[in-house]
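Trainee: Got a minute to go through this model with me?
Mentor: Sure, put it up and ask away.

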There are 4 protein chains.
Amino acid sequence: MVQTGRDATRAYFKGWDERDHNSLILRDAGEAGMDFFGFKVPTMRRSTRWKPTSRTTASPPNASLRATCWRPASGCASRSPRATRSSCTRRRRTSATALGYFNPPPWNAASEVGIAPIRMDHALIYGPDIEKVQALFVDVLGFYLVEHILLEDGVTDLAIWLSCSTKAHDIALVRNEEPGKLHHTAFLLESWEKVLRAADIMSMNKVPIDMGPTRHGVTRGTTIYAFDPSGNRFETFCGGYQSYPDWEPITWTWDEVGPAVFYHDRQLNPAFLSVYT
Amino acid sequence: MVQTGRDATRAYFKGWDERDHNSLILRDAGEAGMDFFGFKVPTMRRSTRWKPTSRTTASPPNASLRATCWRPASGCASRSPRATRSSCTRRRRTSATALGYFNPPPWNAASEVGIAPIRMDHALIYGPDIEKVQALFVDVLGFYLVEHILLEDGVTDLAIWLSCSTKAHDIALVRNEEPGKLHHTAFLLESWEKVLRAADIMSMNKVPIDMGPTRHGVTRGTTIYAFDPSGNRFETFCGGYQSYPDWEPITWTWDEVGPAVFYHDRQLNPAFLSVYT
Amino acid sequence: MVQTGRDATRAYFKGWDERDHNSLILRDAGEAGMDFFGFKVPTMRRSTRWKPTSRTTASPPNASLRATCWRPASGCASRSPRATRSSCTRRRRTSATALGYFNPPPWNAASEVGIAPIRMDHALIYGPDIEKVQALFVDVLGFYLVEHILLEDGVTDLAIWLSCSTKAHDIALVRNEEPGKLHHTAFLLESWEKVLRAADIMSMNKVPIDMGPTRHGVTRGTTIYAFDPSGNRFETFCGGYQSYPDWEPITWTWDEVGPAVFYHDRQLNPAFLSVYT
Amino acid sequence: MVQTGRDATRAYFKGWDERDHNSLILRDAGEAGMDFFGFKVPTMRRSTRWKPTSRTTASPPNASLRATCWRPASGCASRSPRATRSSCTRRRRTSATALGYFNPPPWNAASEVGIAPIRMDHALIYGPDIEKVQALFVDVLGFYLVEHILLEDGVTDLAIWLSCSTKAHDIALVRNEEPGKLHHTAFLLESWEKVLRAADIMSMNKVPIDMGPTRHGVTRGTTIYAFDPSGNRFETFCGGYQSYPDWEPITWTWDEVGPAVFYHDRQLNPAFLSVYT
């Protein structure tokens with residue numbers, strides 16, 4: 001990704017085709033995890049706080065990096081949102097896509113530096129009460145349900161995928177006893193061939209791959225999961241169909257949870273199930 | 001495409017991943033052209049009539065096929081919209097995606113029959129007053145401007161690309177003296193490799209290619225333009241970035257109109273400029 | 001693959017772009033394995049017998065299928081080679097590529113039926129004395145060493161890759177106590193996107209995947225390993241560089257055996273190491 | 001390409017996966033064209049001189065660049081072959097692939113600098129007596145005929161494609177009144193997606209494209225033709241099937257010369273036919 005700023009405690013990044021100041025802020029922290037993840041939604045623009053702020057106040061300097069704010073789009077998040085947001089707004093005015101707004105090329109050198117994701121794509125969050133979160137997202141923020149996996153009872157959701165756009169998903173939620181956990185954040189790539197290139201680059205840099213390259217049953221997207229140096233899982237994701245709010249959601253049954261997640265192996269691997277931050 | 005219905009004067013089709021009853025209706029007509037093109041927009045669902053109905057009433061039987069209604073999504077259009085819409089609504093209730101809503105595979109046999117577009121993507125319309133059409137789309141239907149090409153004066157638009165989604169465009173408009181003309185309708189493909197496959201299939205079937213495979217500067221999408229047997233131009237389109245309503249539009253200047261449209265050749269070909277229906 | 005013949009005990013197949021009568025013969029057998037694997041070499045055309053014929057005489061009817069002869073190219077193999085070869089020669093005279101020899105299209109319907117490999121590509125054989133086999137292949141048949149992996153002693157070969165063409169390999173040999181074992185036979189695909197399609201089709205048909213889609217360090221080819229119903233491992237392989245006989249072989253050291261085989265995971269999986277037929 | 005050397009009058013280059021010192025030598029010349037093109041053949045290694053040396057002796061300094069020697073592989077050519085060859089041989093001893101011979105990655109940074117061809121692939125030469133040239137290549141150098149296009153008489157060859165490997169071609173010859181002319185030299189790319197990337201890079205650098213991206217009927221390869229600053233046409237080529245010496249050649253008839261060359265447009269463009277150097 002392209003670094004777009006840095007201050008005493010944070011570094012700001014974005015994908016090569018993002019136009020806001022940044023989509024990702026990393027800060028030093030005592031543990032891996034995510035503080036905030038924000039969305040652009042049709043009728044309002046707000047950042048949604050995902051974790052109690054207190055969890056991140058003790059971050060010692062020089063600790064392992066942690067993603068303090070994953071943001072697919074506009075704005076800026078911090079522990080004192082109001083202050084930082086205004087400074088971010090100032091930054092946004094002078095910030096621009098690297099390709100420019102006049103006669104832009106389809107890509108540029110930054111599109112080939114490292115894995116070079118196009119943009120932040122989505123996140124998968126773990127928590128106990130996904131029904132309430134779904135209601136918040138749907139009723140307040142205008143998301144809609146695109147796919148879901150049922151538990152063995154055939155009624156309760158194990159996981160849901162929600163979209164606030166014509167993308168197949170902008171956020172996914174998995175039921176989990178422990179609240180406020182991050183499973184992964186995902187970065188968008190252009191093609192299956194770029195997914196191969198990303199896997200090559202991971203190996204060249206000895207980045208531990210959790211799974212992939214492979215395809216998801218859910219969303220049909222292609223994917224690699226890997227771990228960053230602080231232990232957060234990230235995904236390099238490509239594809240996924242275009243969806244519409246009036247579509248009937250797709251349902252995966254308990255016996256097909258394997259192909260729903262990893263379409264080729266048809267089963268989940270232990271690390272994928274047990275590691276979250 | 002998959003044929004989903006037929007009556008005395010019309011045949012109904014859709015792409016292999018569309019979920020409404022149809023996205024395309026062909027009817028016999030005395031001339032090539034398009035009657036309707038509809039959209040799904042966030043707050044309303046309506047079909048927008050593009051051409052005076054009187055132009056199509058004289059369609060003799062056995063004349064060349066013409067696309068009577070291009071629809072990316074829901075609904076159904078005809079010369080007596082109310083009657084047909086209700087019959088379409090009935091159809092929609094029993095209609096479904098071929099992949100199904102339970103544990104679907106990522107694609108199926110229909111995804112490889114012919115060029116097999118995923119879905120209807122967009123249309124490009126010619127007309128004299130694109131400012132008024134833009135105002136209608138933006139103010140009434142909630143579209144936003146994504147890219148535009150300026151005329152030699154550096155102020156007036158030659159062409160505009162509008163989106164009502166996070167796709168790079170849902171409709172494009174080009175200034176033209178003669179009103180109500182269709183330049184092309186576009187069908188979505190998954191990858192640049194599928195674009196190659198589409199070009200191969202066109203050649204196998206001696207379908208005359210107007211341009212491509214190549215890339216657009218505008219939207220960055222990859223493309224082939226070709227002509228159907230009735231003379232309508234169609235596009236097999238892939239890619240295009242994901243855009244957001246709060247993005248500043250991209251501007252192409254008059255001297256770069258060549259690469260704006262055909263990024264590789266950097267110039268427009270005569271047929272592309274002169275043929276519309 | 002395309003079935004090109006059948007007799008009382010055998011079925012004949014070839015890839016959609018092969019021009020000889022067949023490249024693969026399956027016969028009923030009491031156990032999985034391979035009887036023969038043949039090559040086309042510059043100065044002679046002969047089939048090389050890989051396993052004692054006696055091992056296959058007891059094949060009961062209706063037993064699981066086994067590959068009795070894998071042949072990348074010309075000829076035909078059986079337990080009484082002379083007789084069958086002449087009948088094969090007769091067959092070859094009337095046999096042709098499905099695309100034809102006059103104004104052929106680049107591919108046809110058979111190129112999209114199932115995984116649809118282009119052709120047989122190579123095999124990997126297990127045995128105790130790979131130095132002698134290497135000498136035979138190099139001195140008698142004109143092969144050359146392209147890559148090899150060293151054992152912990154830094155001197156002895158664990159595995160060798162040999163080519164009799166400008167392909168990166170036509171056969172590979174791995175040191176193994178038990179003689180005459182097949183690790184896998186490999187079928188050629190056109191692109192990494194076709195590798196994805198192959199993995200999709202395997203999942204649609206619940207074919208158990210051993211590993212992949214991924215990339216090999218050796219040859220750089222992309223790959224999926226899976227098991228056929230009789231238990232033989234097969235590979236759908238794509239890519240690999242073009243090599244030349246005067247090139248210095250590439251050496252992989254013992255500590256890099258993981259990425260040499262599976263470049264992304266950087267380690268071998270248990271089934272890959274333990275299962276051979 | 002990677003520059004591997006330079007002396008007073010020449011610059012040496014090779015593709016990122018070539019292992020000899022160079023595959024391309026450029027020298028200043030008064031006109032565009034090619035001096036030599038060499039091959040690696042199974043039983044002998046020699047460079048074949050393609051043009052009378054006298055044609056190139058008058059090259060003034062600082063004139064436009066011309067390719068003085070296109071070489072797919074080993075060796076080095078010059079107007080006084082013996083002298084230069086020995087200096088090249090010395091160079092070769094110290095030269096190596098950039099990826100190295102020990103635990104190499106599948107690609108490296110050089111694989112993404114510019115169009116970054118893998119290697120030199122083939123050349124197409126114009127001349128009056130292609131039968132004699134074919135006899136020389138087949139009888140002396142061990143090439144074999146892979147495809148040919150017939151003239152209107154249905155007997156005489158307009159063009160022939162010859163291979164000295166399992167590549168679909170290493171050289172092509174087109175009948176032309178004027179002797180000793182170069183139509184194009186071709187550089188190998190990995191995939192159709194890399195062909196798109198090459199076309200993008202050409203446009204970014206305003207390199208005039210003659211044709212493409214498209215596919216050839218002959219060899220099935222995908223292609224772009226463009227002109228270098230000196231006026232020589234070059235091709236970025238990908239694919240083409242693997243062929244074998246015992247295959248029956250493919251024949252294209254006069255009425256299908258269009259799709260034989262440009263499979264999608266099904267016709268030749270004027271510049272392709274008239275410009276050669």
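Trainee: What rotation superposes chain A on chain B?
Mentor: A rotation of 180°, with 0.0 Å of shift along its axis and an RMSD of 0.0 Å (least-squares fit on C-alpha atoms of residues with pLDDT of at least 70 in both copies). The two copies are thus related as by a two-fold rotation axis. Keep in mind that this is a predicted model, where local features need pLDDT of at least 70, side-chain atom pairs count only at pLDDT 80 or more, and totals for chains, interfaces and linings use all residues. Residues are numbered from 1 along each chain as written, chains are lettered from A in the order written, and side-chain values use heavy atoms, without hydrogens and water.

Trainee: Which residue of chain A comes closest to that axis?
Mentor: Thr166(A), with its C-alpha at 2.8 Å.

Trainee: Switching to helices, at what angle do H3 of chain B and H3 of chain D pack?
Mentor: About 95°, with the axes 9 Å apart; each helix spans residues 192-204. H3(B) and H3(D) are therefore roughly perpendicular (65 to 115 degrees).

Trainee: And which residues make the contact?
Mentor: Trp192(B), Glu193(B) and Leu196(B) on one side, Trp192(D), Glu193(D) and Leu196(D) on the other, contact being heavy atoms within 4.5 Å.

Trainee: Last one: is His21(D) buried or exposed?
Mentor: Buried, because its relative accessibility is 6% (the cut-off is under 20%, with a 1.4 Å probe and protein chains only). His21(D) is in the loop between strands S2 (10-14) and S3 (24-28) of chain D.

Terms used: Axes fitted to C-alpha atoms, helices over the stretch in contact; angles between N-to-C directions. Helix = DSSP H or I, 4+ residues; strand = E, 2+ residues; numbered from the N terminus. Parallel < 35°, antiparallel > 145°, perpendicular 65-115°, else oblique. Buried < 20%, exposed > 50% of the residue type's maximum accessible area, 1.4 Å probe, protein only.
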